[in-house]
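Biologist: Got a minute to walk me through this one? I'd like to start with the sheet and then go to the salt bridges.

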Amino acid sequence: MAAKEATASALRVVVFLGTVRENNYGSRAGKFIIKKLTERGFQVEFIDPDVLDLPLLKKPLHFYKDRSEAPKVLQDTNKLIEAADCFVFITAEYNHSMPPGLTNTIDHFPIASYKYRPSGIVSYSAGSFGGVRAAMQARMLLGEIGTPSISNIFAIPQIHKALSEIGEPLNEHMDKGAEKLINELEWYATGLKSHREKVGKPQ
């Protein structure tokens with residue numbers, strides 16, 4: 001599919017990177033999926049827990065009676081989340097579960113900031129299963145915070161053989177898998193954006 005330039009009316013997507021562990025492969029997946037989303041015409045924002053450097057969850061944004069008193073990083077990141085039309089969550093699989101860097105980041109922001117927008121899951125591992133056990137956990141969590149995941153999960157097995165260090169695909173699965181994920185995410189995000197604009201959000 002031909003690339004499209006982002007416009008003012010383009011869908012806004014926030015991509016969450018899911019790990020801060022040393023020598024992880026998440027940045028490869030992040031670079032690749034951001035490039036594919038940009039080529040499709042999405043306006044892309046990127047949330048990297050290693051850059052945010054949030055503490056272990058003690059006081060999320062919604063615990064502040066006056067949110068203007070919350071740390072600026074929480075306020076600024078929440079604005080990105082609230083402005084999104086959809087999300088992509090990139091998760092590794094550690095001990096058959098989601099990385100704490102991802103869940104800690106998600107939990108710092110109120111459910112209301114995520115609700116009524118769809119999400120896509122990209123999972124990966126160095127092994128042959130592509131992080132699907134973590135993806136199943138992500139699916140449950142995302143539904144609970146109001147951003148239900150689309151049916152397609154883009155799982156990347158043996159990521160070190162699938163993507164180069166700069167996020168270039170090394171096999172046919174990568175482009176095909178990304179396109180399938182983005183096609184479905186775009187369909188749901190377009191429909192839900194239109195409905196939100198017409199009738200608003202449930203009260």
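Modeller: Here is a quick tour of the sheet, its helices and the salt bridges. Keep in mind that this is a predicted model.

Biologist: Fine. What order do the strands take in the sheet?

Modeller: The order is S2-S1-S3-S4-S5. The sheet is open, has five strands, and its pairing is parallel. S2 (43-47) and S5 stand at the edges with a single partner strand each, so one side of each has no neighbour in the sheet. From one strand to the next, the twist averages 20°.

Biologist: Which helices lie on the sheet?

Modeller: H8 is one of them, and it touches S3, S4 and S5. The direction of H8 makes about 165° with that of S5. Helix H6, residues 132-144, also lies across S3, S4 and S5. H6 runs at about 155° to S5.

Biologist: Zoom in on S3. How many of its residues are buried?

Modeller: Six of six, over residues 86-91. Both faces are covered. Cys86, Val88 and Ile90 are buried on one side, and Phe87, Phe89 and Thr91 on the other.

Biologist: And which strands does S3 pair with?

Modeller: S3 pairs with S1 (residues 12-17) over five bridges, in the parallel sense. Val13 has Cys86 as its bridge partner there. S3 also pairs with S4 (residues 119-124), again parallel and over five bridges. In that pairing, Ile90 is matched with Val122 of S4.

Biologist: Back to H8. How many residues does it have, and what span does it reach?

Modeller: H8 covers residues 172-199, which is 28 residues. From first C-alpha to last it reaches 41 Å, close to the 40 Å expected.

Biologist: What sits at its two ends?

Modeller: At the start, a side-chain oxygen of Asn171 comes within 3.0 Å of the backbone nitrogen of His173. After the helix comes Gly200, with a positive phi near 80°.

Biologist: Which residues of H8 are buried?

Modeller: Among them are Met174, Gly177, Leu181, Leu185 and Ala189. Charged residues are on the list too, including Glu184, Glu186, Lys193 and Arg196. The cover includes helix H1 (26-40), S3, S4, S5 (149-156) and helix H7 (159-162).

Biologist: Glu186, then. What does its side chain meet?

Modeller: Arg40, in a salt bridge at 2.9 Å, N to O. That links distant parts of the chain: Arg40 is in H1 and Glu186 in H8, 146 residues apart.

Biologist: Is that pair buried or exposed?

Modeller: Arg40 counts as buried because its relative accessibility is 7%. Glu186 counts as buried too, at 19%.

Biologist: How many salt bridges does the structure hold?

Modeller: Nine. Another one joins Glu93 and Arg133, with the closest N and O atoms 2.9 Å apart. Glu93 lies in the loop between S3 and H4 and Arg133 in H6, so the pair ties together parts 40 residues apart in sequence. Glu93 is buried at 15%, while Arg133 is partly exposed at 35%.

Biologist: What about Glu172 and Lys176?

Modeller: They form a salt bridge, with closest N and O atoms 3.7 Å apart. Both lie in H8, four residues apart, or about one turn of the helix. Glu172 and Lys176 are both exposed. Elsewhere, Lys36, Glu39 and Asp175 are joined into one network by salt bridges that share partners.

Biologist: Last one, Thr103. What is it in contact with?

Modeller: Met98 and Leu141, leaving aside neighbours within four places in sequence. Thr103 lies in H4, residues 100-107. Thr103 counts as partly exposed because its relative accessibility is 23%.

Note on methods. Residues numbered from 1 in each chain as written. Predicted model: local features only at pLDDT ≥ 70, side-chain atom pairs only at ≥ 80, totals over all residues. Heavy atoms only, no water. Buried < 20%, exposed > 50% of the residue type's maximum accessible area, 1.4 Å probe, protein only. Pairing = 2+ DSSP bridges. Contact = heavy atoms within 4.5 Å. Expected span 1.5 Å × (residues − 1). Polar contact = N/O pair within 3.5 Å; in protein donor to acceptor, adjacent residues only side chain to side chain. Axes fitted to C-alpha atoms, helices over the stretch in contact; angles between N-to-C directions. Salt bridge = Lys/Arg side-chain N within 4 Å of Asp/Glu carboxyl O.
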